[in-house]
Amino acid sequence: MDRQRRSLLERAAALGAAAWLRPGIAAALTTPKFASYPFTLGVASGSPLPDGVVIWTRLAPVPLEGGGLGPEPIEVRWEVAHDAAFRRIAAQGMATARAEAAHSVHVEVAGLEPRREYHYRFMAGSEVSAAGRTCTAPAPGNGDASLRLALASCQQYEQGYYVAHRHLAREEVDVVAFVGDYIYESSWGHDHVRKHGSAIPYTLAEYRDRYARYKTDADLQRSHAAAAWIVTWDDHEVENDYANDRSERLYPHFLERRAAAYRAFIEHMPVRAAMRPDGSARIFGRHEWGRLATLHVLDDRQYRSHQVCPKPNRGGSNVVGPECVQRLDGELTLLGRDQEAWLDEGLAQSRAQWNLVVQQTLFVPAGVPGKSGRRYWTDGWDGYPAARERLIASLVARKPMNPVILGGDVHASYFADVHARPEEADSPIVATEFCGTSITSEGPSAKAVQAILEANRHIRYGNGNDRGYVLLDIRESGLQARLRAVQTVKRDDSPIATAAAFRVEPGRPGLQPA
């Protein structure tokens, strides 16, 4: 795509988003009378601060057919309470659900107390939403003794039930860090238990319906209603393996499609106005948990260099060996140079006891032997080794306390030591990695995982069989990580168990047995 065409598309997307964000002027608020229950997509909260949190819902009485509402704005009341019975109201107000935003509501509640549990709900006309539970972040030295965080990703709707989310909702977590592939644009995999019921989305309306399909799931609603979420995206929120402005299938109008997908993501997530799109969207950001932890949340899709050595007439990933010399190009970036600089600055300035780098995919090398040498998958950090080395150099130079890298994407759990020289297991350990498995998406074979483990001594644990999430308990005295795995995603009543457990000691990077 030439620069002039790209600029025109970005300006067009920006104008459309500006109209979405601008309050309606001529339209009058209506007193709604719904033909059926409007809160079909549940409620959610996110982006916690010491004095507030975002609460979210969307009015959609006919969720899988565009929502079922007309163009008029609708008044929505909201309440935040100290108690589940809503007898002690902490904050309340009015919001407007507008057709331009799919009648979604994002309320940035302020004036709350640090590190407090709250309950919230919405009302429209005579209808009342389900209630959600959330928690504000602590202030430094005020409630920041502990953080329980669930790491989750990759929930292909067709491949399994969201029983992992049902269990997650019972874990009493403070925060869910969801690191991408919230929806899947495509249908793939084996032994489907249910269907998307619609074609691959390309337009805003189609992406909205795909989010509605996922968010009608009762267990996903339970998970959202149980804790505040901090979210970032990966590829399937738009298209598999896309990179910046390039489609895997070299789709000619990709920036228009990407803008529609970004907008639908923001409409359906509990994020702040600062993250809402203007053709692009600033999804990366920093979240503080008092003095205990800083979450540096990254975006590895929007700004990355195109994957090198793709298959003929395609974009996206490939598996390559030494013949792909472009993989070693020092100019390649996964985060974009501006985001790299932002992360470097944040690591330098952080005074948190734990620094969590929350990103999408496996960070440490995972190459395996081939006939002509080691072979690497180019969509992850292995496709951008110079960018990985720059991040490790930043960790070494900036010396943030207790860096831990979190990821997902690969549908397997890999827990690893991060070395100063990534493929030299005898070099110093500078950080720890927990790459979590998927909620439902099918994983690699046991043979493939074993090959990675045998070729990469820094990966201390690997498991592609289990679906679930990683539960992190963080205190000044240490971090404990447990892989929580369901028995099967093919049954909606599947039990859950701890499949593996490790700990990290403060001041001593690397995995220790729990």
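User: In what order do the seven strands of the open sheet stand, and how are they paired?

Analyst: Good place to start, and keep in mind that this is a predicted model. The order is 12-13-15-18-20-19-21, and the pairing is mixed.

User: Which strands are the edge strands?

Analyst: Look for strands that pair on one side only: here they are strand 12 (285-289) and strand 21 (459-463). While you have the sheet in view, note its twist, which averages 20° from one strand to the next.

User: What packs on the sheet?

Analyst: Helix 7, residues 385-398, does. It touches strand 18, strand 19 (413-419) and strand 20 (429-435), and its direction makes about 125° with that of strand 20.

User: How many bridges join strand 15 to strand 18, and which way do the two run?

Analyst: Strand 15 (residues 354-358) and strand 18 (residues 403-407) run parallel, joined by four bridges. To find the register, pick a facing pair: valine 358 stands opposite leucine 406 of strand 18.

User: Let's move to aromatic rings. What describes a pair of them?

Analyst: Two quantities do the job: the distance of the centres and the angle of the planes. In this model the count comes to 21 aromatic pairs. Take tyrosine 162 and tyrosine 214: their ring centres are 6.4 Å apart and their planes are at 45°, so this pair is tilted.

User: Where do tyrosine 162 and tyrosine 214 lie?

Analyst: Tyrosine 162 is in the loop between strand 9 (146-152) and helix 2 (163-168), while tyrosine 214 belongs to helix 3 (residues 204-215). The pair therefore ties together parts that are 52 residues apart in sequence.

User: Are tyrosine 162 and tyrosine 214 buried or exposed?

Analyst: Both tyrosine 162 and tyrosine 214 are buried.

User: Which residues do ring pairs link into a cluster?

Analyst: Phe178, Tyr182, Tyr211 and Trp229 are linked in this way.

User: Now the whole chain. What radius of gyration does the protein have, and what would a compact globule have?

Analyst: The idea is to compare the value with that for a compact globule, which with 514 residues would be near 24 Å; the protein has 22 Å, which agrees. Its C-alpha trace spans about 70 × 50 × 45 Å along the principal axes, and 58% of the 514 residues count as buried.

User: What share of contacts joins residues at least 24 apart?

Analyst: Counting contacts between residues at least 6 apart in sequence, 72% join residues at least 24 apart. As for the surface, the protein exposes about 20000 Å², with carbon and sulfur atoms supplying 50% of it.

Key:
Residues numbered from 1 in each chain as written. Predicted model: local features only at pLDDT ≥ 70, side-chain atom pairs only at ≥ 80, totals over all residues. Heavy atoms only, no water. Pairing = 2+ DSSP bridges. Axes fitted to C-alpha atoms, helices over the stretch in contact; angles between N-to-C directions. Contact = heavy atoms within 4.5 Å. Rg over C-alpha atoms; globule rule 2.2 N^0.38 Å. Buried < 20%, exposed > 50% of the residue type's maximum accessible area, 1.4 Å probe, protein only. Areas by Shrake-Rupley, 256 points an atom, 1.4 Å probe, with all protein chains shown as cover. Phe/Tyr/Trp six-rings, centres within 6.5 Å; stacked < 30°, edge-to-face > 60°.
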